[in-house]
Amino acid sequence: MSAPVQHGLSEHSHGAGVPLQIRSDRPRSTSVADFPAITQQQDLWRYLNVDQLKGLDSEVLAEYSEQVSFSGPDGVSFEWILSSAAPVGSIGLPEDRVSAAGYTNASKTLLVKIADELVSAEQITISVKGDSATASALHIFVEAGKFSSTTLVLEHSGLGVLAENVEISVADEAKLNFVSLQNWESGSAHVSAQFAKLGRNAFLKHTVASFGGDLVRVTPIATFSGPGAEVELNGVYFAEAGQHLENRPFVDHAAPNCKSRVTYKGALQGDKAHTVWIGDVLIRAIAEGTDTYELNRNLLLTDGTRADSVPNLEIETGEIEGAGHASASGRFDDEHLFYLQARGITPDEARRLVVLGFLVEVIQKTGIAELIESLTALLEEKLNRG
Amino acid sequence: MSILQVKNLHVSVDTDQGAKEILRGVDLTIRSGEIHAVMGPNGSGKSTLAYSIAGHPKYNVTDGEILLDGENVLEMSVDERARAGLFLAMQYPVEIPGVSVSNFLRTAKTAITGEAPALRTWIKDVREAMDNLRIDAAFSERNVNEGFSGGEKKRHEILQLELLKPRFAILDETDSGLDVDALKIVSEGVSRAHAASDLGVLLITHYTRILRYIKPDFVHVFVAGKVAEEGGPELADRLEAEGYDRYVKA
Ligand SMILES: Nc1ncnc2c1ncn2[C@@H]1O[C@H](COP(=O)(O)OP(=O)(O)OP(=O)(O)O)[C@@H](O)[C@H]1O
Ligand SMILES: [Mg+2]
C-alpha cells in the first residue's frame, strides 16, 4: 500500500510464483449470517468504518424496483424475474456481507437480455435513481448473447443507500462495452459487486466511473471460462472532501490464453478525500498463455487526501505471456504549478490541464461521445470548486 | 526594442534557521538582441537569480527591483511574467503527470498569445521545431518531461523557447549534461530564436564550451550573490583558464 509518494512510478514485472493473497479461496454465500458482522479488523473492510455503510450491512434491507428505468434498441429485452429463478446466481455469488444482504433482500432481479448476434450502436441504458436514504437492495442480470456487440450504461444518481449485485454474462464471441456510473448525491452509500463471466473469444470492456456519493465501493470480478477472451477493467474516480471511493477489481484467469488489462486512475481533492484501490489478478494453473497488466495511478491535488493502492498478483503457472503491475500516487505540487505557470498558464488552467489530461484518457476508452462530454464537464465543475 | 533591468536585487530563502540571504545586490541590464553570459561557482546564486526573475514562490525579494520596459515585474504573478515575455529554461525541468507534450505546448501557446493558434499551421510549426531539435515525433504524446533523459529535457525546454517566442530568455545551465552533438543542436535552437525575434538572452553556464556556438556580447562573473566583474567575451576565456579563485578570495 502506498503512502502518498512524490511523483514516482514503481513498476514491477513478475515471473511465476509471487504469492500474495489467496483470493480464490474466499468464501461465497447468499446468506448474510454466513459472514461475520463487519469490523475494520477484517481485511475486506479495513479502509472504511462501519458507519459509512449506513446500514447496508444489516440482515434486512428494502428493495429497489420503481427506482430503476431502462431503454435499449430492438433485440434487447428487460424483465423483472424472481431471484430464485435461473439464471440468477449463475455468474457470481456474494463474497462479502453487504453483497449477501443485497442478494437475499432483492426478491426480484432485472434480467436484461441482449439477443444473439445483435450488433447495435444504440446504447442500452439502465438508470437507477435513488429517492431516499433507506438501505436497499438491487439485483441486475445482463446476458449478452453470442456474437452480439453492444454498449450498456448503468447509471446511478439521486439519493441512495444501495447494496447491489450485477451479474454480467458475456457469451462466446460476444462483445460488451459496459459502464457503471456512480453519480450519487451526497448522503449516499453504494456497495456494488459486479460479476462477469466471459465465454470463448468474448470481449468485455468494463468501466467504473465514480464521482458522487459519500461512500462508493465497486468490486468488479471478471472470470474467464473459455480460452481466447479479453477483458479490460477500467476505472476513473474523483474524490472530494469527505468522500470515500473504493474499487476492488479482480480478474480470475481460469482459462488459457486470455488477456486482461486493468487501468484505474483517480484524483483526490479536499480534506479527508479517500480512495482505495485493491487490484487482484489470479492466474490459475490451467491459465497458460495469460497476458495481464494492471495499473493504478492517483493524483493528490490537495493536502489532507489519502490514496491507498494495492496491486496483488497470484500466479499458479509459469507458462504465461506476461504479468505486471504498476501503482503510483503522486502529488500535484508547487513545482508542477510553477513549471506550467512559467509558460504563461494560469494556476486554474494548470490544475485543469493536469487533472483532465490524467482522467479523461480513461473516460475516452469507453468511446461513448455523450458520456465523455458529460463527464468532462462534470470534472471541470469539480475542479472549479477546488 | 525591450529592456530588462535588475536593480540592486536582494533575495533570501526561508530555512529552518530563518531567512538566508542569497542574492546581495544584483545589477544587470539586458536589451533586445543582446546575449549575456553569467558564469560563477556552484552555489553563487545563479539559479536563484533565474528563478527570482521568473517569480518562483520560494524566493523572497527583500530589496531592489526588476523592470521590464519600465514595468514592475515583481508585482506580476509567474504566469503574468511569462505572458509579458519572460522565459526561463530550467536547470531541472519537472515531470508533469497526465499532461502530454502536445497538449501542454498548445495550452502554453494559447495562454501566451491570448488565442488558440490556427491548428494547421501550429501542427506544422511544432513538427518543424521538433525536427530541428531532433526530437522524435513520438514525444508529442508523452507526458511532459516524464521519463525524458537529461538531454531530452533540455531540448524540450528549447523547443518551448522557439515556439513561445518570448522577448527575454534565461537559460539556466541548458548546456549541462549535453554531449557535443546535443550541445550543437541546442545552441542552434537558441541562435534561431535569437535571430528570429531579436531575443535577449541571459545564459547561465559553467563552461565556455557553449559560448563557442552562442557568442556572448557581455560576460558577468557571479560570486557570492552578486556580479563581481563584467566584461566582453574575452572574460569567459580567462575564467576558464584561471577559475574563480581570484574572486572568491577577494
Ligand atoms: N531552500 C534553501 N535553503 C537553504 N539554502 C538554499 C535554499 N535554496 C538555495 N539555497 C542556497 O542558495 C545558494 C545558491 O543556490 P543556487 O541554486 O542559486 O546556486 P547556483 O549558482 O545556481 O549553483 P549551481 O552552479 O550549483 O547550479 C546555495 O548555497 C544553496 O545551497
Ligand atoms: Mg544553478
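# A walk from the ligand to the interface

Start with α1(B): this helix gives the most to the shell around ligand 1, with 3 residues. Helices here (H or I, at least four residues) and strands (E, at least two) are DSSP runs, numbered from the N terminus. Before you click further, note that this is a predicted model, in which local features need pLDDT of at least 70 and side-chain atom pairs count only at pLDDT 80 or more, while totals for chains, interfaces and linings use all residues. Residues are numbered from 1 along each chain as its sequence is written, chains are lettered from A and ligands numbered from 1 in the order in which they are written, and side-chain values use heavy atoms, with hydrogens and water left out.

**Stop 1: ligand 1**

Select ligand 1 and show what is near it (a heavy atom within 4 Å). You should pick up 16 residues, the closest being B:Asn42, B:Lys46, B:Ser47, B:Thr48 and B:His206. By class, this shell has 3 nonpolar, 9 polar and 4 charged residues. Nonpolar here means Ala, Val, Leu, Ile, Met, Phe, Trp, Tyr, Cys and Pro, charged means Asp, Glu, Lys and Arg, and the others, Gly among them, count as polar.

Now go through the polar contacts, which are pairs of N or O atoms within 3.5 Å; within protein, one must be able to donate a hydrogen and the other to accept it, and residues adjacent in sequence count only if both atoms are side-chain atoms.

- B:Lys20: an N or O atom of this side chain is 3.5 Å from a nitrogen atom of ligand 1.
- B:Thr48: a polar side-chain atom is 2.5 Å from an oxygen atom of the ligand.
- B:His206: here a polar side-chain atom lies 2.8 Å from an oxygen atom of ligand 1.

On its own, ligand 1 has 640 Å² of accessible area, and the protein covers 69% of that. Accessible areas come from the Shrake-Rupley method with a 1.4 Å probe; for residues, only the protein chains shown count as cover. Color β1 (3-15), β2 (18-31) and α1 (46-54) of chain B next: these are the elements that give two or more residues to the shell.

**Stop 2: B:Glu230**

Stay in chain B and jump to B:Glu230, in strand β10 (residues 226-231). Which residues does B:Glu230 touch, not counting residues up to four places away in sequence? Contact means heavy atoms within 4.5 Å, and the list is B:Asp27, B:Leu28, B:Val219, B:His220 and B:Leu235. With B:His220, the side chains make a polar contact of 2.8 Å. Try a C-alpha to C-alpha distance to B:Ala37 as well: 9.8 Å in space, with the two positions 193 residues apart in sequence numbering.

**Stop 3: where chain A meets chain B**

Zoom out to the interface, where 19 residues of chain A are in contact with 33 residues of chain B. The buried area (accessible area, 1.4 Å probe, that two parts lose on being put together, summed over both) is about 2,100 Å², and carbon and sulfur atoms give 68% of it. On the chain A side, select A:Phe338, A:Tyr339 and A:Arg343, which lose the most area to chain B, together 38% of what that side buries.

The rule finds 2 salt bridges across this interface, a salt bridge being a side-chain nitrogen of Lys or Arg within 4 Å of a carboxyl oxygen of Asp or Glu. Pick A:Arg297 and B:Glu146 to see their side chains meet in a salt bridge (4.0 Å, N to O).

**Stop 4: inside chain A**

Finish with A:Arg26 and A:Glu95, whose side chains form a salt bridge at 3.6 Å, N to O. This pair links distant parts of the chain, 69 residues apart.

Then look at A:Pro87, in the loop between β4 (76-82) and α1 (97-105) of chain A. The peptide bond from A:Ala86 to A:Pro87 is cis, with omega near 5°.
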